[in-house]
Amino acid sequence: MPPSPRVALVTGGIGGIGSAICLQLARQGCRVIAADLVHDAARAEAFGVAMQGQPVETVALDVGDYDACAAVVQDVQARHGALDILVNAAGITRDGTLRKMQRAQWDDVIRVNLDSVFNLCRHAVEGMVGRGFGRIVNISSVNGQTGQFGQTNYAAAKAGMHGFTMALAREVARKGVTVNSIAPGYIDTPLVQAMPDAVRADIVATIPVGRTGVPDDIARTVAFLVADDAGYITGANLPVNGGLFMSF
Ligand code: CAA
C-alpha cells in the first residue's frame, strides 16, 4: 500500500506567498488545505486557476480568532485523519512610524502575524505529538531580523515568530515534530507592490542578487523543511532574501 499523503494546512493560503506554497506542496503529493480570510468568488476562481488543476481545498478562516482556528484544525483532522504539516503564512502590514502609529495598527499586525501562530500551533501540535510526526513552518521576514523604518509593529511580530519557533522546537524535538521559520526578503507580492515606489526602488537597489524574490523561492524552501527526511532541522530560521541580510 502506498503511504497516505501528508496533510498540510497553509494559512494565508490564497495570498501571494501562500498560494505558491499550496501549489508546491500539492505537486509533491500532499493533501493541501488553504485557509484564508477573504473568500469571495472572484478570489476563489483566481486561486483555482493558480493551482493548475491540483485539488487544493479552501477554507475561510480568521487566523486571529482562537476558537475558529481550533475548529479548522479539528475539522481537518476529522476529515483527513491527521494534520501533518502546518505553514503559518498569513501576514499583513500596517506601516507607519511609531510617532504616528495608531493602536489599531499595532493590534491588527500582532493579531494576524503573531497571535495566529499561537492559535494554530496550540491546536495542531497535540495531534502531531500524538502521531509522532509533524512539520511546522512559520513565515517570518527579514524585517524581523533587521527592523525596518515604519514597521515597529511588523518587525516585533516577525521577530516574535522566531522566538516562538525556537521555544516550541525545543518542546517537541523528541516527538518527531520540527518547528522552523523562514525569513523572506522582499518577494514580489501585493504586500511589497503596495510599498511607495521610491522606497521599494531604494531597497531593491541594496539587494545583492539585484531583484526582488518570487513566491516560488519561499515555496521551495517550505518544501525542503517539511520533507519526511528533514527531521534533523529544527528551531532554525532560514533566510531567503537574495543576500539582503547576511549573518551567521
Ligand atoms: N530610513 C530613514 N529615513 C526614512 C526612511 C527610511 N527607510 N523612509 C523615510 N524616511 C524619512 C523621510 O526621508 C522623511 O524625512 P524628512 O522628514 O526629513 O523629509 C521622513 O522619514 C518621513 O518619511 P515619509 O514621508 O515616508 O513618512 P510617512 O509618515 O509619510 O510614511 C511610512 C512613513 C509609512 C513608513 C512610509 O515611509 C513607508 O511606507 N515606508 C515603507 C516601509 C516598508 O519598508 N515596508 C515594507 C513593506 S514590505 C514587507 O513588509 C514584506 C517583508 O516582509 C519584507
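Helices H3 and H4 run roughly parallel to each other, because their crossing angle of roughly 30 degrees falls under the 35 degrees that sets the limit for that label. This is a predicted model, so treat everything below as read off a prediction. Besides the helix packing, there's a ligand with 18 residues around it, plus a couple of local details at the two ends of helix H2.

**Helix packing**

- H3 covers residues 66–80, and its axis comes within 7 Å of the axis of H4. H3 passes H4 in a right-handed crossing.
- H4 spans residues 103–131 and also pairs up with H6, which takes in residues 152–172. The axes of H4 and H6 come within 8 Å and cross at roughly 15 degrees. That angle makes this pair roughly parallel too, and the crossing of H4 with H6 is right-handed.
- Helix H1 (residues 16–27) packs against helix H9 (residues 215–226) with the axes 8 Å apart. Here the angle is about 50 degrees, so H1 and H9 count as oblique to each other. Their crossing is right-handed.

**Ligand site**

- Of the 18 residues that surround the ligand, the closest are Asp95, Lys100, Ser141, Gln151 and Tyr154.
- Three of those side chains put a polar atom by a ligand oxygen: the distance is 2.7 Å for Lys100, 2.9 Å for Gln151 and 2.6 Å for Tyr154.
- How much of the ligand does the protein cover? On its own the ligand has 1100 Å² of accessible area, and the protein covers 55% of that.
- As for which elements give two or more residues to the shell, those are helix H7 (190–193) and helix H8 (197–204).
- Sorted by class, the shell around the ligand comes out as nine nonpolar residues, seven polar ones and two charged ones.

**Ends of helix H2**

- H2 runs over residues 41–50. At its start, a side-chain oxygen of Asp40 reaches to within 3.2 Å of the backbone nitrogen of Ala42.
- Just after H2 comes Gln52, which has a positive phi of about 50 degrees.

Key:
Residues are numbered from 1 along each chain as its sequence is written. This is a predicted model: local features need pLDDT of at least 70, side-chain atom pairs count only at pLDDT 80 or more; totals for chains, interfaces and linings use all residues. Side-chain values use heavy atoms; hydrogens and water are left out. A residue is near a molecule or strand if one of its heavy atoms lies within 4 Å of it. A polar contact is a pair of N or O atoms within 3.5 Å; within protein, one must be able to donate a hydrogen and the other to accept it, and residues adjacent in sequence count only if both atoms are side-chain atoms. Accessible areas come from the Shrake-Rupley method with a 1.4 Å probe; for residues, only the protein chains shown count as cover. Helices (H or I, at least four residues) and strands (E, at least two) are DSSP runs, numbered from the N terminus. Ala, Val, Leu, Ile, Met, Phe, Trp, Tyr, Cys and Pro count as nonpolar, Asp, Glu, Lys and Arg as charged, and the others, Gly among them, as polar. Axes are lines fitted to C-alpha atoms, for helices over the stretch in contact, and angles run from 0 to 180 degrees between N-to-C directions. Angles under 35 degrees count as roughly parallel, over 145 as roughly antiparallel, 65 to 115 as roughly perpendicular and the rest as oblique. A crossing is left-handed if the near helix is turned anticlockwise from the far one by less than a right angle, and right-handed if clockwise.
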